[in-house]
Amino acid sequence: MARSRSKATLRAWLVCPGLLGCFLLGFLTGWFTKLTEKNPNSSDVRQSVRQKLVAEMKAENIRKFLRSFTKLPHLAGTEENLLLAKKIQGQWKEFGLDSAELVNYDVLLSYPNEKQPNYISVIDDQGNEVFNTSLFEPPPQGYENVTDILPPYNAFSAQGVPEADLVYVNYGRTEDFFKLEREMGINCTGKIVIARYGKIFRGNKVKNAILAGAQGIILYSDPADYCAPGVDPYPNGWNLPGGGAQRGNVLNLNGAGDPLTPGYPAKEYTFRYKVNEGVGIPKIPVHPIGYHDAEVLLRAMGGPAAPDSSWKGSLNVPYNIGPGFTGNSSTRKVRMHVHTSNKITRIYNVIGILRGALEPDRYIILGGHRDSWVFGGIDPTTGAAVLQEIVRSFGKMKMEGWRPRRTIIFASWDAEEFGLLGSTEWAEENAKVLQERAVAYINTDSSIEGNYTLRVDCTPLLNKLVYNLTKEILSPDEGYENKSLYESWLEKDPSTENNTYPRINKLGSGSDFEAYFQRLGIASGRARYTKNRKADKFSNYPVYHTVYETFELVEKFYDPTFKKQLTIARLRGKLVYELADSQVIPFDCRDYGEALKGYSNRIYKLAKKHEEQLKLYKVSFDPLFSAVVNFSKAAAEFHRRLEQVDKKDSLAVRIMNDQLMLIERAFTDPLGLPGRKFYRHVIFAPSSHNKYAGESFPGIYDAMFDIESKADQHEAWEEVKRQISIAAFTVQAAAGTLKEVA
């Protein structure tokens with residue numbers, strides 16, 4: 001018995017080394033396989049992955065996604081937009097993302113009243129309506145039987161039926177109202193004003209009309225701004241038909257997000273203001289019309305002539321200012337009928353995650369909106385289709401065993417058209433995490449707004465990366481075969497500051513990067529194809545936000561081969577890849593230093609127009625100039641150390657990467673800009689006079705704007721000094737974050 005037990009023990013010991021060897025072999029094989037999967041950081045592997053990622057993207061796929069996503073209207077808050085969200089979510093899961101979830105919020109949206117349509121009337125002295133504007137746009141060919149097309153309206157307009165004389169206010173810009181009030185002596189108080197679309201964000205036009213005392217505002221698209229010469233109206237060309245009218249929200253949110261829950265996510269538990277107390281909601285009726293209807297209103301206008309040619313569009317009317325009509329129509333007035341109502345509605349973002357292998361707690365966000373006013377042929381679906389193809393390509397790489405170094409978050413935002421609501425609510429809900437972990441946000445709204453050349457708006461941190469990547473991508477432009485995107489871009493749109501580089505714009509607002517860049521201080525960028533800004537005088541693209549923005553518009557006129565959209569997919573995809581997978585985050589702080597130098601010189605040049613006041617009130621820009629010099633020195637020293645860092649020392653690399661990640665954050669002020677607390681970036685903000693445009697050193701700029709008309713000059717210049725002080729401190733503090741870690 002004892003002998004048999006000892007034999008068994010002996011056999012077990014003899015078998016053990018074999019088992020142990022097999023176990024160790026299997027373990028090590030698995031371990032090294034895991035390392036191969038999770039450490040794709042040798043330059044050869046990274047180059048191979050990048051090439052495969054870009055080669056995987058196909059123009060035909062973008063075309064199919066665009067066709068699929070634009071068949072039906074999908075306005076935020078509608079069943080169709082939820083179905084589209086679920087379709088995108090399902091595809092992202094099929095593509096191989098680690099997760100794809102719907103995230104909902106209950107926000108204030110705005111819709112026209114189906115039983116009481118919105119329209120404009122001309123009324124006689126008995127109150128009879130002698131002319132009414134159209135109630136809907138004639139549908140495009142092939143879409144006559146589509147239901148759920150809402151008529152043109154301005155979301156969040158106040159309800160009302162005001163009657164008054166009409167005043168023509170050109171584009172409704174600040175300078176247009178100054179011209180009327182200060183130079184021409186025309187008072188808009190109690191009047192209904194009519195403004196043409198273009199030049200600035202429509203919400204700024206409405207704000208200006210309210211400040212001028214108007215009872216209501218009519219917005220229209222003039223052919224001078226929405227028709228290119230020699231091009232037919234849609235469907236035979238890409239110009240705006242006379243019955244087309246641009247939809248759009250007219251909020252002045254200044255970054256607040258949902259009007260009822262400013263600063264906080266619109267969840268079930270959140271405190272809400274009353275619907276009539278919402279942030280940025282106008283107090284006067286607003287309604288958009290087409291140029292055929294506008295021509296009827298403008299033809300009979302009386303009053304003085306347009307002050308100069310810049311006030312004249314290309315309708316066959318005199319463009320008289322008013323107030324009121326002339327001749328046989330002198331007793332007639334205008335009546336607005338606006339019955340739009342606001343209601344709390346559920347919206348849905350789709351959030352997809354591809355987890356990082358080595359730094360899963362560092363995030364690159366690629367986000368763009370899904371909701372559209374009608375079909376969304378260009379806005380946003382040329383962006384949504386590109387996003388879908390990028391996700392598919394990244395998903396395929398992941399399915400083949402690759403993972404990025406850092407986590408990539410893909411987002412399909414809802415309710416962008418109603419004030420960037422989906423993206424802002426998600427940013428608010430995740431603000432604490434994003435401030436700690438977000439490296440960059442790349443926007444993927446419309447990938448084309450024209451087909452002439454590339455347009456890029458981004459933080460200066462991304463300038464070098466954008467230039468380098470565009471040198472690697474072939475240009476899709478005719479006549480530039482075998483040349484790079486960088487070459488065609490440089491030739492067509494050189495920078496005004498330095499024509500040896502292509503132009504890169506400052507970030508303003510008007511799309512979903514706003515909360516990430518302007519509020520949270522996350523490095524951000526956007527890229528798309530655009531028009532020829534020198535030659536093309538029309539505003540945006542002519543059928544913007546109309547029923548005529550269809551798949552056929554893109555396929556027939558804007559990008560028949562889909563090569564421009566493919567080019568943008570490759571550029572956006574490469575930006576995300578480099579940010580997610582480079583061992584060292586590819587930001588360059590030295591470019592920020594150069595930008596700050598230019599911005600500080602520009603704002604000082606503006607101030608020098610008031611040389612006497614600068615001396616009288618002892619206003620000095622020296623602290624700002626000094627801080628900019630210090631930042632440039634700190635940036636140069638930082639990059640010198642970065643070049644020498646031991647790449648095998650993961651902690652040393654991580655420390656410097658964190659400094660790079662947090663430099664954009666260092667330019668934010670928790671108190672925000674005066675009167676605009678959700679715009680916290682001290683270097684950049686949307687212009688107070690045009691939300692679409694970016695302004696540098698906005699605190700100083702706004703303090704100096706129209707300063708000569710301020711009643712208390714001492715107080716006005718004290719505010720300028722305060723803003724210079726804030727800017728100087730912020731730049732100096734940012735320089736401090738680049739110093740060697742103690």
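Let me start with a definition: helices (H or I, at least four residues) and strands (E, at least two) are DSSP runs, numbered from the N terminus. Keep that in mind for proline 323, which sits in the loop between helix H8 (291-299) and strand S11 (333-337). Glycine 322 and proline 323 are joined by a cis peptide bond, with omega about 5°. There is another cis bond between aspartate 379 and proline 380, where omega is about 10°. Proline 380 belongs to the loop between strand S13 (359-369) and helix H9 (381-399).

Before we go on, a word on where this comes from. This is a predicted model, in which local features need pLDDT of at least 70 and side-chain atom pairs count only at pLDDT 80 or more, while totals for chains, interfaces and linings use all residues. Residues are numbered from 1 along each chain as its sequence is written, and side-chain values use heavy atoms, leaving out hydrogens and water.

How confident is the predictor? pLDDT is its confidence in each residue, from 0 to 100. The protein averages 94, and 94% of the residues score at least 70. Confidence is highest in strand S14 (residues 406-413), with a mean of 99, and lowest in helix H1 (residues 2-38), with a mean of 43. Over residues 1-38 pLDDT stays under 50, and the model has five contacts beyond four places in sequence for that stretch; contact means heavy atoms within 4.5 Å. Where pLDDT is low, the predicted coordinates should not be read in detail.

Let's visit S14, then. Threonine 407 is in this strand. Is threonine 407 buried or exposed? Buried means under 20% relative accessible area, exposed means over 50%, and partly exposed is in between (1.4 Å probe, protein chains only). At 4% relative accessibility, threonine 407 is buried. Its side chain reaches two backbone atoms: the nitrogen of glycine 356 at 2.9 Å and the oxygen of proline 360 at 2.8 Å. Setting aside neighbours within four places in sequence, threonine 407 is in contact with residues including Ile353, Arg355, Glu359 and Tyr363.

After S14, look at leucine 420, in the loop between S14 and helix H10 (421-429). Its phi is near 60°, a positive value in a residue other than glycine. Leucine 420 is buried, at 3% relative accessible area. Phenylalanine 156 also has a positive phi, about 75°, although it is not a glycine. You will find phenylalanine 156 in the loop between strand S4 (154-155) and strand S5 (163-164), and at 0% relative accessibility it counts as buried.

Now, salt bridges. A salt bridge is a side-chain nitrogen of Lys or Arg within 4 Å of a carboxyl oxygen of Asp or Glu. How many does a search of the whole structure find? There are 51. In one of them, glutamate 578 meets arginine 50, at 2.3 Å from N to O. That pair links distant parts of the chain, as glutamate 578 is in helix H16 (residues 563-581) and arginine 50 in helix H2 (residues 43-56), 528 residues apart. Both residues are buried.

Set that beside glutamate 183 and lysine 179, whose closest N and O atoms are 3.1 Å apart. These two both lie in helix H5 (residues 174-183), four residues apart, about one turn of the helix. An α-helix has 3.6 residues a turn, so residues three or four places apart point the same way. Glutamate 183 is exposed, at 60% relative accessible area, whereas lysine 179 is partly exposed, at 22%. Elsewhere, a network of salt bridges links Glu359, Asp361, Arg362, Arg405, Arg406, Arg654 and Asp658.

What about disulfides? A disulfide is a pair of cysteine sulfur atoms within 2.5 Å, and a search of the whole structure finds zero. Take cysteine 458: the closest cysteine sulfur, in cysteine 589, is 14 Å from its own, too far for a bond.

Last stop, the inside. Helix H6 (residues 202-211) has seven of its ten residues buried, so it is largely enclosed by the rest of the structure. Among the buried ones are Arg202, Lys205 and Asn208.

Notes: pLDDT is the predictor's confidence in each residue, from 0 to 100. A polar contact is a pair of N or O atoms within 3.5 Å; within protein, one must be able to donate a hydrogen and the other to accept it, and residues adjacent in sequence count only if both atoms are side-chain atoms.
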